[in-house]
Amino acid sequence: MADDKPKLLIVEDDQGLQAQLKWAYDDFEVIIAGDRAAALAALRAEEPVVVTLDLGLPPDPDGTSEGFAVLEEIMALSPGTKVIVASGHGARESALTAIDRGAYDFYQKPIDIEQLGLIVRRAFNLHQIEEENRRLLARAGDNNQIVGGMITAASEMIRVARTIERVAGTNVSVMLLGASGTGKELLARGLHEASGRRNGAFVAINCAAIPENLLESELFGHEKGAFTGAIKTTEGKIEQARGGTLFLDEVGDIPLPLQVKLLRFLQERTIERIGGRKSIEVDTRIVCATHQDLEAMIADGRFREDLYYRLAEIVVKIPALAERPGDAVLLAKVFLKRFAKEINPHVTGFASDALAAIDAWPWPGNVRELENRVKRAVIMADGKLVNAVDLDLSGGDEDNALPLNLKSAREQADRKVIRHALARSEGNISNTAKMLGISRPTLYDLLKQYDLHA
């Protein structure tokens, strides 16, 4: 029966190819869409986990703009969907762009049905493995720690952790994108510790914090006498991280002349110290991060495109704290416990108004802002419980993003409320049920339905 078959959405405007693909993949429940509107409608209604997408769709059948627009909307609505992109237009460039924007894989036209079938089946298998990993992770451990020791209960961050764990064992360059305070360095360190380079050094440098005239020396080192004050030969950060990982934070602040030298290192894996004349081979993995829009900087001529593609072989986007339901309360309790022990042992927890304020606050400064506010509150608290006044919080913004469909909206709302209640009740089932106004059996049913765990 169709209901027992995994759903495959084929986005293709050629009717002959539509029929051929539908016939070839009778192992799946195949859904056909010929344009963007039909594709997004099918995505919302059917929720397929794998999509094949032809980039040449009307009204731009001879280009790729419409196909990329569909890809971006699919990734925004359902980030876990495995999208396999097809195009005959500038295959290599299209492939890089598609993978960068979230596609699972890429194949070039004309289509080889057998080869595409292997890619499709591999995508379904990977999705099943990821779902099982997510369930196992949700059941594992009581401290909600993921890669790098980061604490979370949010599926959004768990997906990030799974991506980092998958790429850790390779030598590809990884770019972490996220707002300030989202934990980019923590995740970079976790990637290093999960890799085969864990016994090597993890060296971090903030490119925005070092003056331009010193940054080259910091990265590449210098020979004795290379400039005034160079009284001895000094290794740069790239050499110091030999056999390990170099984390370039705020890589967008590297000046253009130095970008050329960094690109040369990434291409040749050799460096020259300032004032030196010999090339030095260095085996160092690069992980970088930024909160800036590098594509806009490339368009403005402020960042080299060739360097971007060398640094961004894998791009990982880190969600803001406001996009991680339940994590603010979870992290706040961890911070309070730590700061109370260090600063004010009389503080034992949060008052209910403080927990409500933490839930509602949009956290523009992300985890760093949360940590600072909790530290301040522990210092300022007069009693055993920190209240909203101690945190200096009031009000919050609602998330108005349109969900995938009505079913998805209901599930998101249920999950969000249950996760908030679990966090505020510290996983106590009876208290959570009372807080939600439901019975314990009903709560257990919901936990099972949404694969949530106290």
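**Exercise 1. Find the residue that stands opposite L9 in β2, then build up the sheet around that pair.**

Solution. Start with the pair itself: L9 faces I31 of β2. Keep in mind that this is a predicted model.

Next, look at the strands that carry the pair. Strand β1 covers residues 7-11 and runs parallel to β2, with 5 bridges between them.

Now widen the view. β1 and β2 belong to an open sheet of 5 strands, ordered β2-β1-β3-β4-β5, and the pairing is parallel. At the edges sit β2 (29-33) and β5 (105-108), each of which pairs on one side only. From one strand to the next, the twist averages 20°.

Then hop to the other edge. Strand β4 (residues 82-87) runs parallel to β5, and 4 bridges join them. Within that pairing, A86 has Y107 of β5 as its bridge partner.

**Exercise 2. Decide whether the edge strand β2 is largely enclosed or not, and give the reason.**

Solution. Count the buried residues, where buried means under 20% relative accessible area. In β2, 4 of the 5 residues pass that test, so the strand is largely enclosed by the rest of the structure.

**Exercise 3. Work out the strand order of the sheet that holds β6 and β12, and find a helix that packs on it.**

Solution. First, the order: this open sheet of 5 strands reads β7-β8-β11-β6-β12, with parallel pairing. Its edge strands are β7 (202-206) and β12 (314-317), each pairing on one side only. On average, neighbouring strands are turned by 20° against each other, direction ignored.

Second, zoom in on one pair. β6 (residues 174-177) and β12 run parallel, paired over 4 bridges. Here L176 has V316 of β12 as its bridge partner.

Third, the helix. That's α6 (residues 155-168), which packs on the sheet and touches β6, β11 (285-290) and β12. The direction of α6 makes about 160° with that of β12.

**Exercise 4. Take three salt bridges and say where their residues sit or how buried they are.**

Solution. The count for the model comes to 19 salt bridges.

Step one: K7 and E46 meet through their side chains at 3.0 Å, N to O. K7 is in strand β1 and E46 in helix α2 (residues 36-46), 39 residues apart, so this pair links distant parts of the chain. K7 is partly exposed at 27% relative accessibility, and E46 is partly exposed at 28%.

Step two: D105 and R122 form a salt bridge at 2.8 Å, N to O. This pair also links distant parts of the chain, with D105 in strand β5 and R122 in helix α5 (residues 113-139), 17 residues apart. R122 counts as partly exposed, at 43% relative accessibility.

Step three: D327 and R324 meet at 2.9 Å, N to O. D327 is buried, with a relative accessible area of 0%, and R324 is buried too, at 2%.

For an extra look, find the network of salt bridges linking E223, E239, R242 and R273.

**Exercise 5. Set I343 and A381 side by side: which is buried, and which is partly exposed?**

Solution. I343 lies in the loop between α13 (327-342) and β13 (349-350). Its relative accessible area is 38%, so I343 is partly exposed. Together with I379 and M380, I343 forms a nonpolar surface patch with about 270 Å² of accessible area.

A381 is in the loop between α15 (366-380) and β14 (385-386). At 9% relative accessibility, A381 counts as buried. Leaving out residues up to four places away in sequence, A381 touches N344, V347, V386 and D390.

Key. Residues are numbered from 1 along each chain as its sequence is written. This is a predicted model: local features need pLDDT of at least 70, side-chain atom pairs count only at pLDDT 80 or more; totals for chains, interfaces and linings use all residues. Side-chain values use heavy atoms; hydrogens and water are left out. Patches are made of residues with over 30% relative accessible area and no salt bridge: like charges are joined within 9 Å, nonpolar side chains (Val, Leu, Ile, Met, Phe, Trp, Tyr) within 5 Å. Accessible areas come from the Shrake-Rupley method with a 1.4 Å probe; for residues, only the protein chains shown count as cover. A salt bridge is a side-chain nitrogen of Lys or Arg within 4 Å of a carboxyl oxygen of Asp or Glu. Helices (H or I, at least four residues) and strands (E, at least two) are DSSP runs, numbered from the N terminus. Buried means under 20% relative accessible area, exposed over 50%, partly exposed in between (1.4 Å probe, protein chains only). Two strands pair if DSSP finds at least two bridges between them. Axes are lines fitted to C-alpha atoms, for helices over the stretch in contact, and angles run from 0 to 180 degrees between N-to-C directions. Contact means heavy atoms within 4.5 Å.
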